[in-house]
Structures are given as structure tokens and as C-alpha cells.
Amino acid sequence: MTIERVSMGSKNNPPRSRSSLSLILVVGLCCFFYLLGAWQKSGFGKGDSIAMEITKQAQCTDVVTDLDFKPHHNTVKIPERLADPKPVSFKPCDVKLKDYTPCQEQDRAMKFPRENMIYRERHCPPENEKLRCLVPAPKGYMTPFPWPKSRDYVHYANAPFKSLTVEKAGQNWVQFQGSVFKFPGGGTMFPQGADAYIDELASVIPIKDGSVRTALDTGCGVASWGAYMLKRNVLTMSFAPRDNHEAQVQFALERGVPAIIAVLGSILLPYPPRAFDMAQCSRCLIPWTANEGTYLMEVDRVLRPGGYWVLSGPPINWKTYYKTWNRTRADLKAEQKRIEDIAESLCWEKKYEKGDTAIFRKKINDRSCDRSTPVNTCKRKDSDDVWYKEIETCVTPFPKVSNEEEVAGGKLKKFPERLFALPPSVSKGLVSGVDAETYQEDVKLWKKRVGRYKRINSLIGSTRYRNVMDMNAGLGGFAAALESPKSWVMNVVPTITKKTLSVVYERGLIGIYHDWCEGFSTYPRTYDFIHANGVFSMYQHSCKIEDILLEMDRILRPEGIVIIRDEVDVLNDVRKIANGMRWDTKLMDHEDGPLVPEKILYAVKQYWVAGDDANNQSSSADSSEEE
């Protein structure tokens, strides 16, 4: 009876139904689990102190106070926390590997055929032969001179190779002076200097007005042409093989000039079609008439309609040099005639020939093309699918046009307007999932993100970080937001993601296709700043995180910086490895706050050289000035 009275209530205490109690209980539980979920997404409960670190940053300012971005070679200690798992520690590689290039090593190269330069192409080590150690800097390594001084001077300790100073002594390539190399700006075909040579080209090619922005230098030497084209606001992608001309690409990058190790051989160049506004060969010794003109056809593939090709050197001006070249007049005359015939089949028109130089221009579309004989047209299903694809003896077709005045593939704005204008690939709907609206959103997003980066590290955008790499460039938004004469960006589009490199080039930027499960085609210590957006999530089922991080370490200069954006769980794994690579790291919130699961890892590579203890400190060179 008592229970019955309680459940029925009384006049002073109205009865409570069970449904009311259940409702209160459900609401309470919902609130509890909502708060728990928000707490977990913010990073707490992950088994370490990352969330505490993030919260601390969110409560303070955007400025990272315990990472030192200045190049004075002092290491910065981040306090070790009891909750952090002990990182893996990587040992230094043998000092003999200080210039190690995993996919262009001489010993492995010599096992491959010399035909069509196959042995100079990429040949990467199998999984069981990959190095899992830290490539050391040579003793005496110094921070490179700031741009533009770096164009003319390189520390001998950074690239101690004197052979070119002897071999090219009469051509003004490079001179050795005390503890530095001096680059007078000369070349085999322009011993009086690149400036005078470029002025000659500019009398025919509209270099000065922004029409020409991207250029390709095939067989670049020490990249003096590309270095001086930068004065005209032209970005040149230079390439040369790793051969008996020791370290020519390494010299280029030490000078602050874009370059990669590559060769015209049996596979396609790692660029999209219609990438470059001009290309040049200055005594590059590429056999242009070999294999039925295959190498010229490859240059044509990457040359934009309306673009220019410059040939300086043999066989041009054969009447003057045939004895010097130890060849007959008839042989050289026939070679030049064959080059001109191939050029005609590609819809190129010779615009200029004087002295040692000839200039050809590619027609803007095939309606204005007057071929005397039919050509074999390429039938590639995906014109951007170039990674390790064999070169074919075929002509890449022009995109279709509706009239003779229309530029095949779309007309580009002059630079710098081109940088943020809607790229033709986007306006024509050629990039899946990208339209005018999403493109503009991407532009705004990266301006916001790069602005945040600069608030955290005020040296970003200065000459302190001259050579920059974006490991997952997308539409080139990061590079566009960072664009400045003080730096340049190598925009890398991973081969396993959407092929957007054409958009990058249409914006007046440069880049390359690459698979990050393999080594990059460059020397150690050639980049000051590496940016990686979503790279580790992208590759987590394709290759080991540590292999990608070790490759980043190989190409990053001492005291260079890294910014990695990714999911917090992925960054936890990245950070454990990075802390064992002599990197100082800091994890921070996304720009939009702590509830966003994507976080940002900032890192600085410590200064150390071969034979030194990790904690040794060294004084910086005078060249570490910032602008």
C-alpha cells in the first residue's frame, strides 16, 4: 500500500510519470556524449599531450615561441613529456653518402643500357636497399647566400666540386675564388654573359611584357640562363642528368634556381602537355634528329601553342664551326635541314636565325598548320598520364578550335594577371570536380593559410627560404599565395591524386609529377622550406611514413623548415618519427580552431654535419642575412 501511495502522490506532491524521468535521463545522456565527442575531436584522450599543446596555443597567440627559424645553427630543445612515446632515433648515413641521390646513383645506373640515355634515367632502389639513415651535410656546410647574391656565389663547402672550373674555364660557367665559387653568368653559347644572350632572344620573343612566364632549359649546365631569366620575371625549369659534369644541378639549386635531375631519354618528361611558354637548348648536345625526331616531338608536347623554341649551338652556324666540331659541311647542313623538316611537321615556323642562334615558333592551332607530309598522331587516352610512360614517335595533337584566331587549349593572360585569372583548364571543365567557384574558393583558402604561416614565422616570404617545395600542390594555391621574387615554389602533384599540374602551369607557376614512395630527382640539401598538405594520409596505404620523412630530410637544408597539414592521428605518427630525425616540432590547431580534426605540424631541421654530435653548435655564415 505504501508503494501504491507514493506512486499515486498526494495533493501537495503531484504525481511524476515515468515518461518524464526517462526524458530527463535521455537528454542528460545526449548532452554528456555530445560534450565527450567534442572533447575527443579536439585532440584530448589520444594518449599523449598533443591536445594540451594545442589548447595552450589556442589560448595564446599565433606565434610559435619555442621554434627558432633564424639561421644561426643553434638547436632548440622541446621539453620531453612523460606521456610522449619514445621516438625512433635515426643514425647518420656514412659521410660518403653526403650527395646521395637514390634514383640516380652511378653504380646502379651503369647496370642499364646506354641506348637512348636509359642509364641516366630514374632507377630507384628496391625496398630492401632503401637507406634508413640521415644523409649528412659535409663538414663546413654553410647557409647559402641570400638571393640575389646566391645567383653569383656558392660556398665551396656546400658543393665541393672543382671539375667544371677546369673543364669550362674558357666559357665563364664557374670560377673558384678562395672559399666560394663565382658564377659570372656565362655559358658555352654565351661566354659574354646570359644577359646579352637573353636580350638577343627578347628582340624576337615577347619576354618583357609578361607573355612568356614559364620556360624549359634542356641540358641546363649550371642554369645560368634560368638564373638570369628570373630578372625578366620568367620561371625556368632547368634539367640535366647526373653525369660526368659533376653536380651541375646541385650548383643550380645552391644558386637558388629551379632545377631537377633529368634527361631526354626513353620516357616522357614529368610535365603536362602545353606547360611551357618557351624552351631552349644551348649546346645541350641532345640528338634532335635521332629516332625520327622523337626528342623534338617531346619538346613539342610540353610547348604551349604560340610558344617558342630556341636552338643555340650545333648545327646552327655550321659554316663557321664545322672544322671546330670536326664534322663535314655536308653532314651539318643535312642535320639542320632535318631539324627544320621535323619542326615543320610539328607546325613550327622558323622566325629567326643569326649567328649561333635559331628561333622557332609553334603555331597557335592546327588550322594554320601547313604540313607537307602527314604525321603519326599520338593516341594517348590521358595526356597528363606521363609518369614512367615511354616516349612514342608521334605528334601530340592540338586541342580543337572553332576558328583560325583561337589559341588551342585557351589563351592565357599576361603575368602577373595570369596568376589568379581563371585557368582555361578550369573554365573548359577539364579538371574533374573543379569549376570557377571552387577555384576561387581555393584561391581564398590558401591566401588565408599562407597569411597564418607568415604570422607564425615572419621569415616566410623572405630570401631566408628561397627554394620552396609544395609536396601536394593541388591547383597551385599555396605557391600563388606565396608568389614573390624572393622565392620560388616547386609544385609537386603526386601521381596517385587528381592530375592538376596543367592548372599550375596555366597560372604561371612550375612543377612536376612525382610518386612520393620514391626519391625525388634532386640532390641533398636543396630546399629551404617544404610544405606537405595531406601527403601522409594520401600515402598511408602505399608506402611507409618514415621513408617519405627521410626523403624530406634528405632534400631539406640544415635549419630549413617543414609545415605539414593532416589529420591529428596521422600527425601523431609523423611527429614520433620526426622527433627522431633531429627535427624540432610543434603541433598547432587548424586556422578555424581546435574542433577541426586537421592539425598543423611545424618543424625545424637542426644544424648538424658529418662527424658532429647532434648537439654540437656551429656559428652561422655571414651569408645567413635575411631580407
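Here a biologist and a modeller talk through a sheet, a helix and some disulfides of a predicted model.

Biologist: Happy to start with ground rules: what pLDDT do local features need?
Modeller: Residues are numbered from 1 along each chain as its sequence is written, and side-chain values use heavy atoms, with hydrogens and water left out. In this predicted model side-chain atom pairs count only at pLDDT 80 or more, totals for chains, interfaces and linings use all residues, and local features need pLDDT of at least 70.

Biologist: Nice! Which strands are the edges of the open sheet of 7 strands?
Modeller: Two strands pair if DSSP finds at least two bridges between them, and strands (E, at least two residues) and helices (H or I, at least four) are DSSP runs numbered from the N terminus. The order is E13-E12-E11-E14-E15-E17-E16, with mixed pairing. Pairing on one side only marks the edge strands, E13 (510–514) and E16 (583–588).

Biologist: How many residues of helix H19 are buried?
Modeller: Buried means under 20% relative accessible area, exposed over 50% and partly exposed in between, with a 1.4 Å probe and protein chains only. Among the buried residues are Val568, Leu571 and Ile577. H19 spans residues 568–578, and the buried count is 8 of its 11 residues.

Biologist: Lovely. Why is the disulfide of Cys378 and Cys394 right-handed or left-handed?
Modeller: A disulfide is a pair of cysteine sulfur atoms within 2.5 Å, and the sulfur atoms of Cys378 and Cys394 are 2.0 Å apart. Both cysteines, Cys378 and Cys394, are buried. The torsion about their S-S bond is about 100°, so the disulfide is right-handed.
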